[in-house]
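Biologist: Please show me the model. I have some questions about how its parts fit together.

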Amino acid sequence: MAEKYHSNPFASTMDQLSILVKTNPISSLTLGALIIGIVLLGILVAGFLESLFNSRLGDIVVFIGVIVYAFYFLFRLTAASYYLHMASREGRTLTAKQAITEVTKKNYGQYLITIVLANVFILVGFVALVFPGIYLLGRLSLAPYIALNENLDAMKSLKRSWELSEGHWFEIVGAMVASGITIASGMLLGVGAQSGLAGRYFELSELKKIASTNHKTHWMNYLLVGLAVVGIGFYALVARATIYNNINDPTRCTDTYFAYSIDCTTVNPDPAMDMHGMNDPNNSFDNLQSPAH
């Protein structure tokens, strides 16, 4: 199927979204609802586990639980939504159950490795500085589609994504932002919101086949990437400022060390365990010493 390349990110997004809606409307809504439901359930379970343990052990349990939960449920449903986009592009109608079942038989292991590696590289870019993260987002985000659709291993999928995105990373990020703010995509929840990235993958694959360079980058891509840089940059600054303030705030502390409950300005030990006069309000956190054995 010959693809028409839309540099305009909204045109590319809406083109893929219309194909998805026409071919698999019910499956898209079902998968989207499942993704949202799984995310909400995960948040509730994580909150319950943290309150149950109420300690550093609880944080570790929650972290491990989130990893297992993401691998088993979220990544599988996300892969199914990728697969549904591919099936829709081919004109195939699938139920949500068929999409979930079939995708696990289609290079699913390499897909998992690919999505983890891509996200690690992108995260490192964001931690280093916002712009490198957005650049890597544009260069590596096609890799999961490639792993599933082209049956490549993780490293080859990342390399292929890098090749496809050469000279087009602005358009890839622009399409991702466009799909995120399109009302129709929001109505289709997580599945429809992938329309921009899916559309870019199929269009760029065809563009590379015919080795066409006869197009200009639409100005909307630069605008959306600029908005992404400003938005993510602002969020990163706020997050870092919040973390810094919490670390350096002497009035904030929720840790419990052995017999002593710390409020960071004074130490309030359990009276039954107070063997060193720690109930003195003048004793500071810095002077806290463990009981002698």
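What follows is a set of questions and answers on this predicted model.

Biologist: How many helices and strands does the protein chain have?

Modeller: Both kinds of element occur in the protein chain. The count is 13 helices and 3 strands.

Biologist: What share of the 293 residues is buried?

Modeller: A residue counts as buried when its relative accessible area is under 20%. By that cut-off, the buried share of the 293 residues in the protein chain is 40%.

Biologist: Take contacts between residues at least 6 apart in sequence. What share joins residues at least 24 apart?

Modeller: This share describes contacts in the protein chain that span at least 6 places in sequence. Of these, the part joining residues at least 24 apart is 71%.

Biologist: Is R139 buried or exposed?

Modeller: R139 lies in helix α6, which covers residues 130-140. The cut-off for buried is under 20%. R139 has a relative accessibility of 3%, so it counts as buried.

Biologist: Which residues does R139 touch, leaving out those up to four places away in sequence?

Modeller: Sequence neighbours up to four places away are set aside here. The residues that R139 then touches are S161, W162, S165, E166 and W169.

Biologist: How is α7 set against α12: parallel, perpendicular or oblique?

Modeller: Helix α7 spans residues 143-150, and helix α12 spans residues 195-209. Their axes come within 10 Å and cross at roughly 60 degrees. Therefore α7 is, relative to α12, oblique.

Biologist: Is the crossing of α7 and α12 left-handed or right-handed?

Modeller: The handedness describes how one helix is turned from the other. For α7 and α12, the crossing is right-handed.

Biologist: Which residues of α12 are met by α7?

Modeller: On the α7 side, the residues are Y145, I146, N149 and E150. Their partners in α12 are L197, A198, Y201, F202 and S205. By class, the contact has 6 nonpolar, 2 polar and 1 charged residues. So much for the classes; the names asked for are L197, A198, Y201, F202 and S205.

Biologist: How many salt bridges are there?

Modeller: A salt bridge needs a side-chain nitrogen of Lys or Arg within 4 Å of a carboxyl oxygen of Asp or Glu. By this rule, the count is 6.

Biologist: How many residues apart are R89 and D15?

Modeller: R89 forms a salt bridge with D15, with the closest N and O atoms 3.8 Å apart. The pair links distant parts of the chain: R89 is in helix α3 and D15 is in helix α1. Their separation along the chain is 74 residues.

Biologist: Which of these two is buried, and which is partly exposed?

Modeller: The cut-off for buried is under 20% relative accessible area. D15 has 25%, so D15 is partly exposed. R89 has 8%, so the buried one is R89.

Biologist: Which residues are linked with R92 in a network of salt bridges?

Modeller: The side chains of R92 and E102 meet in a salt bridge, at 3.9 Å from N to O. R92 counts as partly exposed because its relative accessibility is 31%. E102, at 27%, also counts as partly exposed. In the network, R92 is linked with E90 and E102.

Biologist: Why are E203 and R200 separated by about one helical turn?

Modeller: The side chains of E203 and R200 meet in a salt bridge, at 3.3 Å from N to O. E203 is buried at 1%, and R200 is buried at 0%. The turn follows because both are in helix α12, and their spacing is 3 residues.

Methods
Residues are numbered from 1 along each chain as its sequence is written. This is a predicted model: local features need pLDDT of at least 70, side-chain atom pairs count only at pLDDT 80 or more; totals for chains, interfaces and linings use all residues. Side-chain values use heavy atoms; hydrogens and water are left out. Helices (H or I, at least four residues) and strands (E, at least two) are DSSP runs, numbered from the N terminus. Buried means under 20% relative accessible area, exposed over 50%, partly exposed in between (1.4 Å probe, protein chains only). Contact means heavy atoms within 4.5 Å. Axes are lines fitted to C-alpha atoms, for helices over the stretch in contact, and angles run from 0 to 180 degrees between N-to-C directions. Angles under 35 degrees count as roughly parallel, over 145 as roughly antiparallel, 65 to 115 as roughly perpendicular and the rest as oblique. Ala, Val, Leu, Ile, Met, Phe, Trp, Tyr, Cys and Pro count as nonpolar, Asp, Glu, Lys and Arg as charged, and the others, Gly among them, as polar.
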